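Student: I have a model open and want to learn to read its interior. Where should we begin?

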Amino acid sequence: MPSVMPERLRKITADIFEAANVPTEDAKIISEILVDANLAGHDSHGVIRIPQYMGFIDAGQIDPGATMEIERESPSHALINGNWGFGHAIAQRAMSLVIQKAQSSTVSAVSIYNCNHIGRIGSYSMMAAKAGLVGIVMVNAGGAALYVAPFGGSDGRLATNPISIAAPTQGDEPIVLDITSSVVAQGKIRVALNRDDTVPLGWLINGKGEPTTDPRDLNGPPPGALLPLGGIAGHKGFALGLMIDVLGGALSGAGCSGSGTTTVQNGVLMIAINIAEFTPMDDFYGRVDALVKHVKASPPAPGFEEILVPGEIEARQTKRRSSEGIPVDDETWRQIQETAAAVGISEL
Ligand code: NAD
């Protein structure tokens, strides 16, 4: 398994996309967001996606030269038609817009449709937190990628519909919730397949609706399904996923699960909240800091060493992988080499 330094991995990623006619600036954005996901430990949303995205370009599902259009706009909102450009580049620009609007309008929202996969959504909510705002991002898959069973159901009806909320702290790192409304992201099944691993019981059911640890059961045949977040309280993950579908898909016009779309797309809602218009920043930081100290003071349960807050595990992993390099499994590396060779890059 090669371990690759982030700078090199960014260059490889950007070079491959540029060779596929992705504009230089967009290729740079995509490479940063993919490698940031690897740095954070979310390999499911990192460079493993390069071959998949190149396949989307080949299939005409991503138009590398397209630019997004603001279709409707007010000081506090915008509706963006992504025109099927690269999801990461659209989402990054849309988040900059929602941040800018919240800075003058206190609370703002931007909705996106005609947009391919935008990757790890925590990358965008964190942009708001780094600007001193609260950032909220949610995504539905616009009708395709229906991997998640509804609570009590036995086949996939919803996508993994993730939500991320990031808030700034007075320290270096924001607090970042970044979760799917399924038990795990579908990409984690992809990682298990590439590594020839099993998955924990409770992630998946097979085509007969039975619990399974075999990642191949997701696609079948017959196809199985990911379970909604929450285990015995899966009704809550299902409820969350359904409402994200409404906010991501119905509001933007991208379409909701079951609308008949078969290609991958993300219907996106981004919200930014200007904290300083509600309360002095120092007061906000003081309350958040006290909350973090309060939860961290809980005596660790058996099998745990400490309490972590959302975003902390990714911040630690980012520090470690920035200095030690990013482990890329052999199958993913082989696929990246093959993809690079197909666009004329022989040496990585
Ligand atoms: P996950 O199950 O690893 O959960 C991650 C969240 O849990 C983070 O907020 C993390 O800080 C927190 N966390 C993890 N361990 C913790 C601990 N011990 N204590 C406290 N908090 C802890 O991730 P996931 O739900 O499988 O999602 C993976 C990624 O997939 C996300 O980055 C998401 O944005 C991405 N995703 C994207 C799409 C899309 O269509 N664009 C779809 C699905 C998922």
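Tutor: Begin with empty space. This is a predicted model. The largest cavity holds about 50 Å³ of space. The search of the whole structure finds one cavity of 30 Å³ or more.

Student: Which residues line the largest cavity?

Tutor: Its lining consists of Asn38, Asp43, Ile48, Val191, Arg195, Pro327, Val328, Asp329 and Thr332. By class, the lining has four nonpolar, two polar and three charged residues.

Student: Now the filled interior. How do I read a nonpolar core?

Tutor: General idea: in soluble globular proteins, nonpolar side chains tend to be buried together. Here, the largest nonpolar core has 28 residues. Leu9, Ile16, Phe17, Ile50, Ile57 and Phe86 touch the most other members. The elements giving two or more residues to this core are α1 (6-19), α2 (24-39), α3 (50-58) and α10 (330-342). A second, separate core has 25 residues, including Ala78, Ala102, Val110 and Ile121.

Student: What does Ile50 touch, leaving out residues up to four places away in sequence?

Tutor: Ile50 contacts Thr13, Ile16, Phe17, Leu34, Ile336 and Thr339.

Student: And a helix? How do I read α9?

Tutor: General idea: an α-helix has 3.6 residues a turn, so residues three or four places apart point the same way. Now the case. Helix α9 covers residues 312-324, 13 in number. From first C-alpha to last, α9 reaches 18 Å, close to the 18 Å expected at 1.5 Å a residue.

Student: Which residues of α9 are buried?

Tutor: Glu312, Glu314, Ala315 and Arg321. These buried residues pack against α1, α2, α8 (281-296) and β12 (326-327). Just after α9, Gly325 adopts a positive phi of about 100°.

Note on methods
Residues are numbered from 1 along each chain as its sequence is written. This is a predicted model: local features need pLDDT of at least 70, side-chain atom pairs count only at pLDDT 80 or more; totals for chains, interfaces and linings use all residues. Side-chain values use heavy atoms; hydrogens and water are left out. On a 1 Å grid over the protein atoms alone, a cavity is a set of points where a 1.4 Å probe fits but cannot get out, and a pocket is an open set with protein on both sides within 12 Å along at least five of seven lines; lining residues have an atom within 4 Å of a point. Grid points are joined across faces, edges and corners, and a volume is the space filled by probe spheres set on the points. Ala, Val, Leu, Ile, Met, Phe, Trp, Tyr, Cys and Pro count as nonpolar, Asp, Glu, Lys and Arg as charged, and the others, Gly among them, as polar. A nonpolar core is a set of buried Ala, Val, Leu, Ile, Met, Phe, Trp, Tyr and Cys residues joined through side-chain atoms within 4.5 Å. Buried means under 20% relative accessible area, exposed over 50%, partly exposed in between (1.4 Å probe, protein chains only). Helices (H or I, at least four residues) and strands (E, at least two) are DSSP runs, numbered from the N terminus. Contact means heavy atoms within 4.5 Å. The expected span of a helix is 1.5 Å times one less than its number of residues.
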